[in-house]
Amino acid sequence: MDLIHYLVLSMLLFIIGAAGFIIKKNVISVFLCLELMLNAVNLSFVAFAKHLNQVQGQIFVFLVMVVAAAEAAVGLAITIVLYRNRKTLSVDDADSMKW
Amino acid sequence: MMETALFYFFGVIALLSAINVVAQRKVFYSAISLIICLCAVAALYMTLEAPFIAAIQIIVYAGAIMVLFVFVIMLLDPFSAAVLRDKKKPLSYLAVLLAILVLTALYPILRSFDPAQTPRMVDSMSGDAASIKHLGQVLFTQFLVPFEVTSVLILVAIIGVVVLARRQS
């Protein structure tokens, strides 16, 4: 299997995630699309690691997963605080810092 | 031959479940189809000879992070309208158009990329690419400092979550 096939699949997953990031209104849905984009990038990292016969790409995936876990934990805590204070999860309702 | 079949099988599953993540109106169903997508990508990691990454994809990503998501969805009263509601934005078709535009712009760039021209470094591994032993050796020697920094990051995240989620009295 060529590298290019994996890169095209990774690109499609990333584009779907990016489109969802723009379309979705619910904060948790936006987070899910963010995870989808991270996952697409991880796939291309592993594909390149196989192609170049190097292990460093897999270590980058490992680090990306750690950062994704930390980001998901903090983001979901912010979501809970938002729901507690505003009783909403819509990204359009949390616009206090918008002008 | 086998690898091609596996690639197309799991690639189609990953793509369909990714589309379902975006198309689904209910957040909980979105989360479930993201779990399916993550498992399909883990299977693709196995075809790419990365068994360790595939294992932590299942255990950490699909196991821990997604359980966190489902917990939060359940915690936030999943039957209230505020959580369930995910109305389409009026200009959402524009996002789909833009996505297709970016796709058509990116594809020729990808096609012009010639994998044969990139240097193949063969010094670091032999035969069984990415054996877990080799991965561990590189992770704990060459990448020791980034590895330790991630533990600080996790600590910061833990403290931040506790401070944020604490009920103000």
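Guide: A residue is buried if 20 or more other C-beta atoms lie within 10 Å of its own. The model here is predicted, and in its chain B buried residues make up 23% of the 169 residues.

Visitor: What pattern does chain B follow along the sequence?

Guide: The pattern is α-α-α-α-α-α-α; chain B has seven helices and zero strands. Of the contacts in chain B with a separation of 6 or more, 51% join residues 24 or more positions apart.

Visitor: How many residues does each chain give to the contact between chain A and chain B?

Guide: The size of an interface is often given as the accessible area lost when the parts come together. Here the description is by residues: 62 from chain A and 72 from chain B. On the side of chain A that touches chain B, helix 1 (3-23), helix 2 (27-52) and helix 3 (56-86) each give two or more residues. Helix 3 of chain A gives the most, with 21 residues. That side of chain A divides into 44 nonpolar, twelve polar and six charged residues.

Visitor: Which residues touch the most other members of the largest nonpolar core?

Guide: In soluble globular proteins, nonpolar side chains tend to be buried together. The largest nonpolar core in this model has 61 residues, and those touching the most other members include A:Leu13, A:Leu36, A:Val46 and B:Tyr45. Helices 1, 2 and 3 of chain A and helices 1, 2 and 3 of chain B each give two or more residues to this core. The largest share, 14 residues, comes from helix 2 of chain A.

Visitor: With what is B:Tyr45 in contact, leaving aside its neighbours within four places in sequence?

Guide: B:Tyr45 is in contact with A:Val46 in chain A, and with B:Ala50, B:Ile53, B:Ala54 and B:Gln57 in chain B.

Technical notes: Residues numbered from 1 in each chain as written. Chains lettered and ligands numbered in written order. Predicted model: local features only at pLDDT ≥ 70, side-chain atom pairs only at ≥ 80, totals over all residues. Contact = placed C-beta atoms within 7 Å. Helix = DSSP H or I, 4+ residues; strand = E, 2+ residues; numbered from the N terminus. Nonpolar A, V, L, I, M, F, W, Y, C, P; charged D, E, K, R; others polar. Core = buried A, V, L, I, M, F, W, Y, C linked by C-beta atoms within 7 Å. Buried ≥ 20, exposed ≤ 12 C-beta atoms within 10 Å, placed from the backbone.
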